[in-house]
Amino acid sequence: ACVPPDDEFAALLARAGVTPIPLGPSTRSIAASLKAPSPDAPFRLAAELVAAAFETLLPTADGCDALVATGLMPAGAKAVAEKLGIRYVLATFHIFGLPSRHFPPAARPGKQSPEDETDNRALWRQDAERVDALYADPLNRHRAAIGLRPVENVRDHVLTGKIWLAADPVLAPWAGLTDLDIVQTGAWILPDDRPLPTAV
């Protein structure tokens, strides 16, 4: 499994018996850079994430049957899958950040009637423009370098029309919120037999 080079990921994968392969910058370094970002910091981070995906995933995924991506806009993952001729799937652990038709009333404090539902599609179009501004140039440069055609809408390219939602259906209901084809797998939780602390 390719994960950021943080100790927490290594420990989690060790519990599953999986060897971690470092991919991109650590999440701690990303969080630290966001505390006082320079104007070009998001663009540099996007370019670094795309470059890391191509550099790490191309050799790692070679010979695999599928590439399952998640995390902070994994823009290079689908291109790698295309180049290798393998299946690509995007998995998410929550419904936030998916294109929704509206904000349900319960999501907004003080708004409880169906008339208060707010159309969210305009915001979703703006999000696509933001993602393109950050990722389109580095992604398409790397795609060209491996003989792939450019993509016009990076966000939709990454999401595809079918997403795996790795979340409990009670905690993350999505029916009616999006036009995407969602496959809800349930939460991906490792069994944990460790006893709870006595204080708990």
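**Overall layout, the parallel sheet and a few residues**

Buried residues account for 34% of the 200 residues in the protein chain. The model is a predicted one, and its C-alpha trace spans about 50 × 50 × 40 Å along the principal axes. As for surface, the protein chain exposes about 12,200 Å², with carbon and sulfur atoms supplying 59% of that area. Contacts can also be split by distance along the sequence: of those with a separation of 6 or more, 45% link residues 24 or more positions apart.

The secondary structure adds up to six helices and eight strands. Going along the sequence, these elements run in the pattern β-α-β-α-α-β-α-β-β-β-α-α-β-β.

Four of the strands come together as an open sheet, with parallel pairing and the order β3-β4-β7-β8. The edges are taken by β3 (66–69) and β8, each of which pairs on one side only. From one strand to the next, the twist averages 30 degrees. In general, strands of a sheet pair through backbone hydrogen bonds, in either a parallel or an antiparallel sense. Here, β7 (residues 162–165) and β8 are joined in the parallel sense over four bridges, and Leu 165 stands opposite Gln 184 in β8.

Strand β4 (residues 87–92) includes Thr 92. With a relative accessible area of 11%, Thr 92 falls under the 20% cut-off and so counts as buried. Leaving aside residues up to four places away in sequence, Thr 92 touches Thr 70, Leu 98, Ile 163, Trp 164, Leu 165 and Ala 166. One of these contacts, Leu 165, is the residue that stands opposite Gln 184.

The surface has its own points of interest. Val 68, Phe 93 and Trp 188 make up a nonpolar patch there, and together they have about 300 Å² of accessible area. Trp 188 sits in the segment that follows β8 (181–184). Its relative accessible area is 44%, between the 20% and 50% cut-offs, so Trp 188 is classed as partly exposed.

Pro 39 belongs to the loop between α2 (27–35) and α3 (41–61). Since its relative accessible area of 77% is over the 50% cut-off, Pro 39 is classed as exposed. Pro 39 and Asp 127 are separated by 88 residues in sequence, and their C-alpha atoms lie 18 Å apart in space.

Definitions and conventions:
Residues numbered from 1 in each chain as written. Predicted model: local features only at pLDDT ≥ 70, side-chain atom pairs only at ≥ 80, totals over all residues. Heavy atoms only, no water. Patch = residues over 30% accessible without salt bridge, like charges linked within 9 Å, V, L, I, M, F, W, Y side chains within 5 Å. Areas by Shrake-Rupley, 256 points an atom, 1.4 Å probe, with all protein chains shown as cover. Salt bridge = Lys/Arg side-chain N within 4 Å of Asp/Glu carboxyl O. Helix = DSSP H or I, 4+ residues; strand = E, 2+ residues; numbered from the N terminus. Buried < 20%, exposed > 50% of the residue type's maximum accessible area, 1.4 Å probe, protein only. Pairing = 2+ DSSP bridges. Axes fitted to C-alpha atoms, helices over the stretch in contact; angles between N-to-C directions. Contact = heavy atoms within 4.5 Å.
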